[in-house]
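Let's take a relaxed walk through this one, stopping at a handful of spots along the chain. Have the 3D view ready and follow along.

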Amino acid sequence: MQNQGIKYLRVFLHSECNFHCISCQDSAVKKTPAPQEVLSTEETAKLVDGFARLGIEHVRIIGGEPLLRDDIFDFIYMISSAGRVRQVSLTTNGFYLKSKALALKGAGLDRVNIYLSSLNEEKFRKITGVDGLGRVMEGICAANAAELKPIRVNVFLVKGLNFDETEDFAALTTLYPLDVRFIEYRCDVKDAYVPGYVVKNKIEFSFGELEPQAGSANEGPASYYRIKGAKGRIGFINSITELFCVNCNTILLYNDGRVFPCLYSPACIELASLLRKNEYKALAEQMRGCFARKPEVNKYTKAETFETQISGS
């Protein structure tokens, strides 16, 4: 059985985080593994290498906050030095990035995604529970200096929280060579959800019509635009209002050996036991099965629920 065009592996490496953001609450369907269930760095790297042999080209390390791992540099080096993937990236809250950016680059990391909840210090503290906006901004500058590019700043907008900062986030692209990406977030608070088209209209009202930008094959579901004359780009990931499951090329590996063919589904395949028994032939078959079991649509974009999702009800 061949890989059905799936080229992107997210690796959930670390459960803990020093921030407590509303957008990163643990999912009930993807429970946090118990410490005794967590794979070693070497075991996780073996699974990544196995998927790379089956066609995975891009690995992105996520959490939690992966920079809390003491062995993060070793893990990145194990993946990058094997030479089987084209790109290794990492998603971080940016708090520890200033002191680690150069070492991450040296270990073989190609680029970073950084979550940024607010550009206002008081609001940032309210959302994250941490007085750390200055450190995050310094981390972005350090990532730029270390050539961890393109740097992508991910933003979840919520009405009554940070929606009023839309133009401020967009303005970052006029000052710095960043991709600022607005990601639709299904908030539990009534009427707080912000569709991507609303964000785009708000930006165009202040900056004029956005110029569409051609994206590369490894940029995922984001649609990119540019404010006229800006150094960076603005991206929209409309994960609720757009049906892009047909083009999804991503699977998720948890740090206990579970693999989720769909990021929004509880259905998973367990690989840890086969790996630890050294049953590599059976393991390879299970890994191939991850590609075959990827569903056509996720729980947010099924036809019967799509209309209520985009209405915010």
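Our starting point is N278, which sits in the loop between helix 8 (272-276) and helix 9 (280-292). Keep in mind as you look that this is a predicted model. The backbone does something worth a glance here: N278 is not a glycine, yet its phi is positive, at about 60°. Is N278 buried, partly exposed or exposed? With a relative accessibility of 49%, N278 counts as partly exposed, because buried means under 20% and exposed means over 50%.

Now hop over to another loop, the one between helix 5 (133-145) and strand 5 (152-155), where you'll find P150. Check the peptide bond leading from K149 into P150: that bond is cis, and its omega is near 0°. The loop between helix 5 and strand 5 also holds E147. E147 has a positive phi too, near 65°, and E147 is a residue other than glycine. Its relative accessibility is 44%, so E147 counts as partly exposed.

Next up is a helix. K123 belongs to helix 4, which covers residues 121-128. How does K123 come out, buried or exposed? K123 has a relative accessible area of 16%, and the cut-off for buried is under 20%, so K123 is buried. Follow its side chain and you'll see that K123 reaches the backbone oxygen of L161 at 3.4 Å. L161 also turns up among the contacts of K123 once neighbours within four places in sequence are set aside, together with S118, N162, D164 and E165.

The last stop is D256, in the loop between strand 10 (250-254) and strand 11 (258-260). You might wonder: is this loop residue, D256, buried or exposed? D256 counts as buried, because its relative accessibility is 7% and anything under 20% falls in that class.

So which residues does D256 touch? Leaving out residues up to four places away in sequence, D256 touches P33, E37, V38, L39 and A272. To get a feel for the sequence distance involved, pick out Q36: Q36 and D256 are 220 residues apart in sequence, but 8.9 Å apart in space, going from C-alpha to C-alpha. D256 has a partner nearer along the chain as well, since a polar contact of 2.7 Å joins its side chain to the side chain of R258.

Key:
Residues are numbered from 1 along each chain as its sequence is written. This is a predicted model: local features need pLDDT of at least 70, side-chain atom pairs count only at pLDDT 80 or more; totals for chains, interfaces and linings use all residues. Side-chain values use heavy atoms; hydrogens and water are left out. Helices (H or I, at least four residues) and strands (E, at least two) are DSSP runs, numbered from the N terminus. Buried means under 20% relative accessible area, exposed over 50%, partly exposed in between (1.4 Å probe, protein chains only). Contact means heavy atoms within 4.5 Å. A polar contact is a pair of N or O atoms within 3.5 Å; within protein, one must be able to donate a hydrogen and the other to accept it, and residues adjacent in sequence count only if both atoms are side-chain atoms.
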